[in-house]
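Biologist: Before accepting any of the labels attached to a model, I would like to hear the reasoning behind each of them. Could we go through them one by one?

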Amino acid sequence: MPIYSSPHHQDIGPKSRSHLLIVTLLLALLMLVGCEQSDPPINPVTQLDPPEPGGTLKVATRNSATTYYLDRDETPAGPEHDLVESFADAHDWAVEWTLLNSTSEVLQALKDGEFHLAAAGLTHRPSRDEHFTQGPTHTDIVEQLVCHRDMRPLPHQVEDMAGVDIRVTADSSYAEKLQSLVNQQTGIAFEEDPRTTEILLAEVAEKRIDCTVADSNIVQMVRRHFPHLEVAMNLTSGDKLGWYLPAGHQALADMAKQWMGSTEGQQRIATMKDRYYAYIGEFDFVDLRALNQRIDERLPNFIDLFIKAEEETGMPADLLAALAYQESHWDPQAVSPTGVRGIMMLTQNTAKSLGINNRLNPAAAIDGGARYLADRHKRLPDTLPEPDRTYLALASYNIGRGHVLDAQKLARELGKDPHSWEDMKEVLPLKADKRYYPQTRYGYARGYEPVHYVQRIRNYQDVISAAMVWLPLKEG
């Protein structure tokens, strides 16, 4: 199991849990289901002592966008990561993170006494409260039926679900909920799928399946990349995500609840929600009319800077303009809650490495963004043909070079061409698939995002390229 200790981390090999399958089968009828996997059986064991000041808090989590992941600068991030780190800082503890493949594995490890705390997007539910010590909650969620918006009619009532092709993550709470509906309503059917919820949402967006079920926070995060996803209805209400501790760890649980309920804790929760969720609802799914309007109103202010950047880096001006539009809609003052900013939306670490002191200065930002993209491009083999080389460079700009290298290694293992964008479009999303990402060096990533990121930039470039032919003459 990968272990990450803040601020540094190291990987170790996976630990065998072959006994889990046997015990899980024996208790399958109990349906102790997590938000992604079924709960493990519970047996009493000796637990870890709470950490002393200056000690280490051992935390189990899952590698996902809504829990813990490495961002494009290969820095740990995620809602659970941020909250746990703040809680540990408040008590002078270091954090040792261990990434497990499923909710079931997380709870099994907690039961085995290997960890002080489980922070893995866990839904608080009575079946868990019977066997673990309940910690504080931090996020309200509901389970949602999600379909393609072009589907007609959309199933807005339970009885409308009859005959609909529904697939959900195997052994999940979604399957449990749907099974309860099957027992109540004639005609409803569904299939369980080993792939992650995010992958199934992408399948819905591509019209390969009708609908799936997902937690609302996952839907909120994924939907900005797939605007054709439509929430047909909520299947549950009042669910909360929070932490769990081993049975008998009431003192540590009380410390966690006290911190989470304090002014500092509430501020940290607000910061977490602002960084990862709040702005998503306002995501601007840009259409061609908006793009053409901004070509008239904004592009003339920066066209000379894009042309100059091309002269200095060799990156095409229309490509740089399309990249900047994708990142900021040509707003030099753009600031994201995640800390990226400026017309090229550079991270602080990237800007520092490029010698840029003010990311909100459009001349400096465009120059820096062009140099950064050129560096991503240069690091790829000279033998890699265009436009594949440029598309892979854009993917690296978006998701980070480490995750692209992971995907290329996966491509080789799967018999795909790591230098073909057509093949990489199929492989990159596997970085969000728990069947594959645990074996990669950099772990989970929203691998479907760079695929759509590159596609949008290509579309924007087509329009911008034509406009840049006549726009300087118009301004002259």
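Modeller: Let us start with Lys416, which is found in the loop between helix H16 (401-413) and H17, and keep in mind throughout that this is a predicted model.

Biologist: Why is Lys416 called partly exposed?

Modeller: The relative accessibility of Lys416 is 31%; buried requires a value under 20% and exposed a value over 50%, so Lys416, at 31%, counts as partly exposed.

Biologist: What makes the pairing of the side chains of Lys416 and Glu426 a polar contact?

Modeller: The two side chains make their polar contact at 2.9 Å, and because the limit for such a pair of N or O atoms is 3.5 Å, the distance of 2.9 Å falls within it. Leaving aside neighbours within four places in sequence, Lys416 is also in contact with Ala411, Asp423 and Val427. Val427 is 11 residues from Lys416 in sequence, and their C-alpha atoms are 8.2 Å apart in space.

Biologist: Glu426 interests me further; which residues are closest to the centre of the second largest pocket?

Modeller: The second largest pocket has a volume of about 530 Å³. Of the 21 residues that line this pocket, Glu203, Arg208, Lys425, Glu426 and Pro429 are the closest to its centre. Helix H6 (197-205), helix H17 (421-427) and helix H18 (448-475) are the elements that give two or more residues to the lining, and H17 gives the most, with four residues.

Biologist: How is the lining of the second largest pocket divided by class?

Modeller: There are 10 nonpolar, one polar and 10 charged residues in that lining.

Biologist: How do you know that helix H3 is largely enclosed by the rest of the structure?

Modeller: Helix H3 covers residues 103-111, and nine of its nine residues are buried, so the helix is described as largely enclosed by the rest of the structure. The buried residues of H3 include Glu105 and Lys111 as well as Val106, Leu107 and Leu110. H3 is followed by Gly113, whose phi is positive, near 80°.

Biologist: What makes the phi of His329 worth remarking on?

Modeller: Most residues other than glycine have a negative phi. His329 is not a glycine, yet its phi is positive, at about 60°, and Trp330 likewise has a positive phi of about 60° without being a glycine. His329 is found in the loop between helix H12 (317-328) and helix H13 (348-353), and Trp330 lies in the loop between H12 and H13 as well.

Biologist: Are His329 and Trp330 buried or exposed?

Modeller: Buried means under 20% relative accessible area; His329 has 16% and is therefore buried, and Trp330, at 1%, counts as buried too.

Biologist: Why is Arg359 called buried?

Modeller: Arg359 has 11% relative accessibility, which is set against the cut-off of under 20%, so Arg359 counts as buried. Its place is in the loop between H13 and H14, and a polar atom of its side chain lies 2.8 Å from the backbone oxygen of Leu346. Not counting residues up to four places away in sequence, Arg359 touches a list of residues that includes Gly339, Arg341, Leu346, Gln348 and Ala365.

Biologist: Which peptide bonds preceding Pro153 and Pro387 are cis or trans, and what are their omega values?

Modeller: Most peptide bonds are trans. A cis peptide bond joins Arg152 and Pro153, with omega about -5°, and the bond from Glu386 to Pro387 is cis, with omega near 5°. Pro153 is found in the loop between strand E9 (143-148) and strand E10 (167-169), whereas Pro387 is found in the loop between helix H14 (362-378) and helix H15 (388-399).

Biologist: Which residues touch the most other members of the largest nonpolar core?

Modeller: Among the 64 residues of that core, they are Val84, Leu145, Met161, Ile166, Leu178 and Trp243. Leaving aside neighbours within four places in sequence, Leu178 is in contact with Met161, Ile166, Val168, Phe190, Val213 and Leu235. A second, separate core of 57 residues includes Ala290, Leu323, Ile399 and Ile464.

Terms used: Residues numbered from 1 in each chain as written. Predicted model: local features only at pLDDT ≥ 70, side-chain atom pairs only at ≥ 80, totals over all residues. Heavy atoms only, no water. Core = buried A, V, L, I, M, F, W, Y, C linked by side-chain atoms within 4.5 Å. Buried < 20%, exposed > 50% of the residue type's maximum accessible area, 1.4 Å probe, protein only. Contact = heavy atoms within 4.5 Å. 1 Å grid on protein atoms, 1.4 Å probe; cavity = no way out; pocket = protein on both sides within 12 Å on 5 of 7 lines; lining within 4 Å. Points joined across faces, edges and corners; volume = space filled by probe spheres on them. Nonpolar A, V, L, I, M, F, W, Y, C, P; charged D, E, K, R; others polar. Polar contact = N/O pair within 3.5 Å; in protein donor to acceptor, adjacent residues only side chain to side chain.
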